[in-house]
Each structure stands twice: as C-alpha cells, then as structure tokens.
Amino acid sequence: MFDSVIEFTADLINALAQPLNSTALAIVVFTLGVRLLLLPFGVMQARGERARLRLAPEVRKLRKRHGRDPERLRRELSALYAREKTSPLAGCLPGVAQMPFFMVMYQVFISSTIAGNANVLLTHGLFGVPLGQQFASTVAGFGLLSGPTLVFAGLFLLLLAVAFITSRRMRRTMSDEVQPEVLRRIMPLLPFGTLLAAAVLPLAAGVYLLVTTAWAAGERAVLHRPALAAH
C-alpha cells in the first residue's frame, strides 16, 4: 500500500511539474496543498493556545498548591483541561498530521525506482542541483565554494530566517504551564532543527521543509494574533 502512495505522489508531482515547467515549483505547490488540507488542525491549535493562555493563572495556582504531589497535580490539570475542552498537546497536531506527507516526499526522492521504473524525478533539479542530491555529496562532488553548494547555502539561510521568527514567537507565547524549566529553554530551539534536517536530507525534502515552515510561521501570525495580543 505504501508503494502505491509513493507512486501516486510521484505521478502527482510529475503532473504538476509539466505546466509549471519546474519540479521544484511542483514540490512547492504540493506542499501548499498539504498545508491547506491540514488547515483545520492549525485552527484547532490556535484555539487551544488561546485556551491555554486563558487557563495559565489557574494552572499556576494548581502547580503551587499541588507541586509536591505530582499525581494529584496531574489529575487536577487533566480535570481542568477536560472542563475547558482543550489539551496541552493540541499544539502538536499540525506537525504530527503532516509527518506522513513528509515521509512520502522523502521516499519519492531517495527511491531509485518507482513501480519498477527508473525514478525520473531524480534527474530534475533546482538551479542545476538534482533534487535527490544531499548537501554532503554536493560538497564532495563540487567543492565547498561552488554554485551547487551555494544553492544549499541559500536554502539554509531561508530556513534559518524562518526558524528565527518561529523561535522568537514561541518565546513570546510560551506560558508557565510548560514544565520543567529546561523544557521551556529547549522548545524555542526546536525550530532550528530544520537546518540539521535539511543538511542530511535530499534537496527536495529541504524545499518541502522551507515551504511548510514558512507557511506555519504565517499561519501562526494570522490565527494566533488574538493570543499574542492577550499575552
């Protein structure tokens, strides 16, 4: 079944690439389609965040009252979230929901054959760099200061900019309910993980990461605006 999904996705990207005359643009369109499909999860995430900000004072009171009894604190927090029909895990929904799409995209561009035929998508490129190419092999083949390597450098810079914006917004909106303290320090660093991922994944996956994280940053700016204002 998974093979048929990969075949369908490869055929879809090929079909999109023909009128666009670019497989890289086809990946962009594919990614935007995925994000539109997952938009309801983004709306749920925004509602959950506003609810958590509203409940933050009560959460602090519960932590102060039952901080020495973790089991009682867990029950009280669960009851509070149940009454308000929200969950501290609501913010994870968009990321979790799009993981299958990302994995399929990854498989499409690392598979030498699809449905028994040569994967022609691997011959397509972005500014002369094959979309199935990785950063390390690009440096090994063309050198550190070369045109193909600069394509990856541009991708990394764009990912860094999006990660910086996302991280700054996370620091502004993160409430005291995120415990322990070390977790509150680590979470704003997570967006920069896209740089590490893009450094080891095929260029096509890096393009997908750039588009999806940029969409997520824009989505948060629009849907979470009331939460930011309240905070």
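Helices are runs of at least four residues assigned by DSSP, and they are numbered from the N terminus. With this convention, Thr-9 can be placed in helix 1, which spans residues 2-20. The structure that contains this helix is a predicted model, and the paragraphs below lead from the whole chain to particular residues and to one pocket.

The chain holds 11 helices and 4 strands. Of its 231 residues, 40% count as buried. Contacts between residues at least 6 apart in sequence give a view of how the chain is brought together: 69% of them join residues at least 24 apart. The confidence of the prediction should be kept in mind throughout. The mean pLDDT of the chain is 82, and 86% of the residues reach 70 or more. Over residues 227-231, however, the pLDDT is below 50, and this stretch has 10 contacts in the model beyond near neighbours in sequence.

Thr-9, in helix 1, offers a good place to begin a closer inspection. Is Thr-9 buried or exposed? Thr-9 has a relative accessible area of 5%, and because residues under 20% count as buried, Thr-9 is buried. Setting aside neighbours within four places in sequence, the contacts of Thr-9 are with Phe-30, Val-104 and Val-108. One of these partners, Phe-30, lies 21 residues from Thr-9 along the chain, and the C-alpha atoms of the two residues are separated by 9.1 Å.

A second residue, Ser-146, is found in a loop rather than in a helix; this loop connects helix 6 (135-142) with helix 7 (147-173). Ser-146 has a relative accessible area of 12%, and this value is under 20%, so Ser-146 is buried. What does the side chain of Ser-146 reach? The side chain of Ser-146 reaches the backbone oxygen of Gly-143, at 3.0 Å.

Helix 7, which follows the loop of Ser-146, also takes part in the second largest pocket. This pocket has a volume of about 190 Å³. Its lining consists of Ala-24, Leu-25, Val-28, Leu-126, Phe-127, Val-151, Leu-155, Leu-158, Leu-203, Val-207 and Leu-210. Which elements give two or more residues to this lining? They are helix 2 (23-37), helix 7 and helix 10 (203-223). The character of the lining residues is also clear: 11 are nonpolar, none is polar and none is charged.

Definitions and conventions
Residues are numbered from 1 along each chain as its sequence is written. This is a predicted model: local features need pLDDT of at least 70, side-chain atom pairs count only at pLDDT 80 or more; totals for chains, interfaces and linings use all residues. Side-chain values use heavy atoms; hydrogens and water are left out. Buried means under 20% relative accessible area, exposed over 50%, partly exposed in between (1.4 Å probe, protein chains only). A polar contact is a pair of N or O atoms within 3.5 Å; within protein, one must be able to donate a hydrogen and the other to accept it, and residues adjacent in sequence count only if both atoms are side-chain atoms. pLDDT is the predictor's confidence in each residue, from 0 to 100. Contact means heavy atoms within 4.5 Å. On a 1 Å grid over the protein atoms alone, a cavity is a set of points where a 1.4 Å probe fits but cannot get out, and a pocket is an open set with protein on both sides within 12 Å along at least five of seven lines; lining residues have an atom within 4 Å of a point. Grid points are joined across faces, edges and corners, and a volume is the space filled by probe spheres set on the points. Ala, Val, Leu, Ile, Met, Phe, Trp, Tyr, Cys and Pro count as nonpolar, Asp, Glu, Lys and Arg as charged, and the others, Gly among them, as polar.
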